[in-house]
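I opened this notebook to keep track of what I looked up, one topic at a time. The entries follow the order in which I went through the model.

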Amino acid sequence: MAHRLEHAASQYLRQHAHQDVDWWPYSAQAFAIAAERDVPVMLSIGYAACHWCHVMSHESFDDPVIARKINEHFVPIKVDREEHPLVDETYMMATQAMTGAGGWPMTVFALPDGRTFQAGTYYPAHPRQNTPSFTQVLDAVHEAWVQRRAQVEEQAALLASHLSELTARNGQLLRLGLSGEQGVDLSAVRDYFTDHTTETGGFSTAPKFPPTWALGAFWRTVMLDPSTTTHSAEALFTTLESILLGALHDHVGGGFARYCVDEHWSVPHFEKMLYDNAGLLKLLSDTAVLAGQYASSAPPALAVRAQQLRAASLRAVEKLVAFLERELLVADPEQSLHAFAASLDADSLRAGKLIEGAAYTFNREELNPILSRYTEQFGNGFLRLAQVAEDPGHYCLSLGRYPMAGELAGWEQLCEELAQLCAQRARPSRDAKVVAGWNGLLIEALAHAGALLGKPRWIALAERTARSVYEVHVDPQTGRLARVSFAGRAAEDNEGTLGDYAALALGFATLAQLSEDPQWAEGARQLLDRAGEFVDDTGLPVDAAGLDQQLQAQRGVAGAVSVLDEAEPSAIGLYARASWRAAQQDLLRGDPEEKAADHIERITHLVAHAGILAAQVPAQVANSLIVAHEIAGPAHYLNISGGTAEQREQARVLARALGLAVGGEKATDGEELRIEPCRLGSCRPAVGSASELLAMLRHEKL
């Protein structure tokens with residue numbers, strides 16, 4: 001029965017192990033059982049931190065009557081979308097095609113060969129407005145299966161044909177730029193982001209997701225496009241300020257929630273995901289550097305705003321790393337285990353009930369005595385309280401503006417008092433499975449942030465995590481990377497995706513640029529070599545080394561690769577970034593120019609589509625766009641010599657924030673600072689300051 005799930009690597013599966021539903025983990029065996037019984041498969045897809053997944057579980061899957069109905073008429077399969085991202089993506093395509101929307105929990109009914117004929121998301125226990133109850137859905141699907149089998153099979157065939165066409169379009173996107181060399185028009189990218197920024201920040205209405213990868217590209221346009229106006233910088237700052245000041249940011253405990261439910265970023269959806277926090281750690285580290293550089297030449301009012309943004313980013317990054325170590329670090333010295341968990345749940349216990357956000361919100365009885373002690377310290381418009389619609393009487397705390405000099409100490413003390421109050425509460429459940437690719441993103445972010453902000457301890461933390469993930473996830477015999485592990489044991493028969501290989505390689509390649517230890521460059525190359533084997537019959541990259549029979553039946557045998565950035569970077573964007581960082585390291589090492597040029601040409605083909613799509617959908621190709629622009633730029637790496645330690649550090653930090661690698665420094669007493677920009681094997685005349693370097697990068701025709 002559901003006890004099959006008891007020892008799963010996925011906490012999401014283990015959360016369902018007590019139920020009477022005869023759950024199977026995702027496997028060919030489960031589909032074979034459905035064929036033997038001549039019943040449909042019911043796939044229930046979600047993840048451990050998902051609030052509505054918990055709601056449906058308690059309302060329906062815990063109900064023994066519903067469990068018996070499921071067991072009698074279906075083979076139920078429980079899927080953790082984080083453990084099997086391609087399964088999730090495939091059936092999400094089906095769900096969106098059938099309903100026009102998607103989300104989790106996802107409820108899919110499929111033939112025993114894997115083809116979908118009915119799909120939806122959350123179904124309530126009782127009918128609600130236009131949504132049928134889950135029992136009604138089960139009965140209707142069973143009736144259709146028994147009485148209208150031919151129509152069911154026809155529906156499944158039509159949908160599978162449609163999904164096969166959709167899958168093939170990803171390959172078509174990659175082929176867009178192969179007909180000729182494509183440049184990146186920064187001004188078009190800048191104009192898109194500027195024009196689409198809303199008054200409250202972000203590029204869309206509620207719900208408000210942080211456009212992390214897009215903001216990295218937006219920063220590049222603001223810093224490097226010579227035609228950029230202050231209007232674009234103001235738009236960029238508006239979104240960054242919303243992320244830093246609003247309730248997406250956990251001001252008390254650190255870290256960031258997945259998204260905000262409202263237009264004004266005042267109430268979050270409280271789950272915290274590792275990949276979100278890794279991406280924001282890198283973005284805010286870059287912001288701390290680039291905002292400071294921007295302020296040095298900006299008009300006075302905007303310079304003040306940029307310096308405030310820099311200070312807020314520095315504070316947020318410090319608290320974010322502390323949150324990651326305190327809440328998500330999975331460590332066991334005896335097992336040499338040192339990696340980061342997948343997520344924290346949205347729900348936690350209050351008075352015996354699981355309530356979304358209970359660990360983070362406050363009622364008036366808790367808030368008023370504390371806030372009353374700070375009333376005189378804070379001016380108007382500083383604190384912001386927003387009531388949670390799903391939890392009346394409880395409020396989220398965020399900021400309406402930056403703290404002024406006289407408010408900062410009081411604000412930090414207030415956060416400390418609230419943190420002590422939160423420490424007495426039940427903590428949200430943690431999904432302690434380790435996802436290789438997500439840890440790769442964090443390894444890159446920690447190493448990058450440590451290098452930019454002068455935090456060698458963060459680089460050491462990244463190195464220790466990289467060693468642990470490599471030891472646990474990479475098979476020493478085959479070199480294959482396991483996508484997930486739990487308690488120091490890699491899950492078998494679940495090889496990582498192209499994105500997993502690329503993200504971990506990216507982390508290793510970032511460490512290689514900061515360390516003389518050859519293991520990081522060697523590890524990155526090993527991972528990229530295996531990722532290079534993920535290709536279809538035409539030579540284009542694919543997300544997986546192979547699709548199982550069920551996924552092939554659902555989406556076709558044609559190769560597929562994720563090309564567009566979503567909550568996580570696209571596999572192509574990650575693969576290109578990792579390959580480019582490794583190529584930069586090869587250039588620093590002195591590889592022959594011809595070999596380096598061939599390598600860079602291959603990477604250029606991977607991101608050629610970004611130049612064509614940049615003006616229309618830059619947010620969806622941001623990672624590929626950045627790589628394309630870095631490769632086309634006037635410098636790939638720098639040699640720095642002379643000057644003071646402070647001057648060299650300023651140049652090094654700015655370069656790394658803009659994606660340039662930095663070679664070995666030479667500190668020669670009495671010599672002026674020399675920053676030598678190099679492209680492939682050729683170097684330009686040296687410039688003498690970080691501001692001159694930026695001017696050279698801005699005005700070079702690309």
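**Aromatic pairs**

I began with Phe 31, which is buried, with a relative accessible area of 2%. The model is a predicted one, and I read every value below as computed from it.

I then asked how many aromatic pairs the rule gives, and the count came to 22. One of them is formed by Tyr 26 and Phe 31, whose rings meet edge-to-face at 5.8 Å centre to centre, with 80° between the planes. I noted the plane angle because a pair of aromatic rings is described by the distance of the centres and the angle of the planes. Tyr 26 counts as buried, because its relative accessibility of 13% lies under the 20% cut-off.

The next pair I looked up was Tyr 501 with Phe 534, again edge-to-face, at 5.4 Å centre to centre and with 65° between the planes. This pair links distant parts of the chain, since Tyr 501 lies in helix 17 (residues 498-512) while Phe 534 lies in the loop between helix 18 (518-531) and helix 19 (549-555), 33 residues apart. I checked the accessibility as well, and both Tyr 501 and Phe 534 are buried.

I also followed ring pairs that join into a group, and found Trp 23, Phe 61, Tyr 123 and Phe 134 linked into a cluster.

**Strand 3 and the charges over rings**

Which residue has its charged end over the ring of Trp 23? I found Lys 78 there, with the charged end 4.4 Å from the ring centre. A further case of this kind is Arg 81, which lies over the face of Trp 104 at 3.8 Å from the ring centre.

Lys 78 led me to strand 3 (residues 75-80), which is mostly covered, with six of its six residues buried. In a regular strand the side chains alternate between the two faces of the sheet, and I wanted to see how they are arranged here. Val 75, Ile 77 and Val 79 point one way from strand 3, whereas Pro 76, Lys 78 and Asp 80 point the other way, and all are buried.

I then listed the neighbours of strand 3. Strand 1 (residues 24-25) pairs with strand 3 in the parallel sense over two bridges, and within this pairing Lys 78 is the bridge partner of Pro 25. Strand 2 (residues 41-46) also runs parallel to strand 3, joined by six bridges, and there Lys 78 is the bridge partner of Ser 44. I therefore recorded Lys 78 as a residue that has bridge partners in both pairings, and whose charged end sits over the ring of Trp 23.

**The sheet of strands 20 to 23**

Further along the chain I looked up an open sheet of four strands in the order 21-20-22-23, with mixed pairing. Its edge strands are strand 21 (661-662) and strand 23 (682-683), each of which pairs on one side only. Strand 20 (residues 637-641) and strand 22 (residues 674-679) run antiparallel and are joined by five bridges, and in strand 22 the bridge partner of Ser 641 is Arg 674.

**Cysteines**

How many disulfides does the rule give? The count is two, and with bonded cysteines counted along the chain they follow the pattern 1-2, 3-4.

Cys 260 is in no disulfide, and I found the nearest cysteine sulfur, that of Cys 396, 8.1 Å away. Cys 260 counts as buried, at 0% relative accessibility. Cys 415 is likewise in no disulfide, with the nearest cysteine sulfur, that of Cys 422, 10 Å away, and Cys 415 counts as buried at 5% relative accessibility.

Turning to the bonded cysteines, I noted that Cys 50 is joined to Cys 53, with 2.4 Å from S to S. The link of Cys 50 and Cys 53 is right-handed, with 80° about the S-S bond, and both cysteines are buried.

The other disulfide I entered joins Cys 678 to Cys 683, with 2.0 Å from S to S, and this link is right-handed with 100° about the S-S bond. I asked whether each end is buried or partly exposed. Cys 678 counts as buried at 0% relative accessibility, whereas Cys 683 is partly exposed, with a relative accessible area of 37%.

Definitions and conventions: Residues are numbered from 1 along each chain as its sequence is written. This is a predicted model: local features need pLDDT of at least 70, side-chain atom pairs count only at pLDDT 80 or more; totals for chains, interfaces and linings use all residues. Side-chain values use heavy atoms; hydrogens and water are left out. Two strands pair if DSSP finds at least two bridges between them. Rings of Phe, Tyr and Trp (its six-membered ring) pair if their centres lie within 6.5 Å; planes under 30 degrees apart count as stacked, over 60 as edge-to-face and the rest as tilted. Buried means under 20% relative accessible area, exposed over 50%, partly exposed in between (1.4 Å probe, protein chains only). A charge sits over a ring if NZ of Lys or CZ of Arg is within 6 Å of the ring centre and within 35 degrees of the ring normal. A disulfide is a pair of cysteine sulfur atoms within 2.5 Å.
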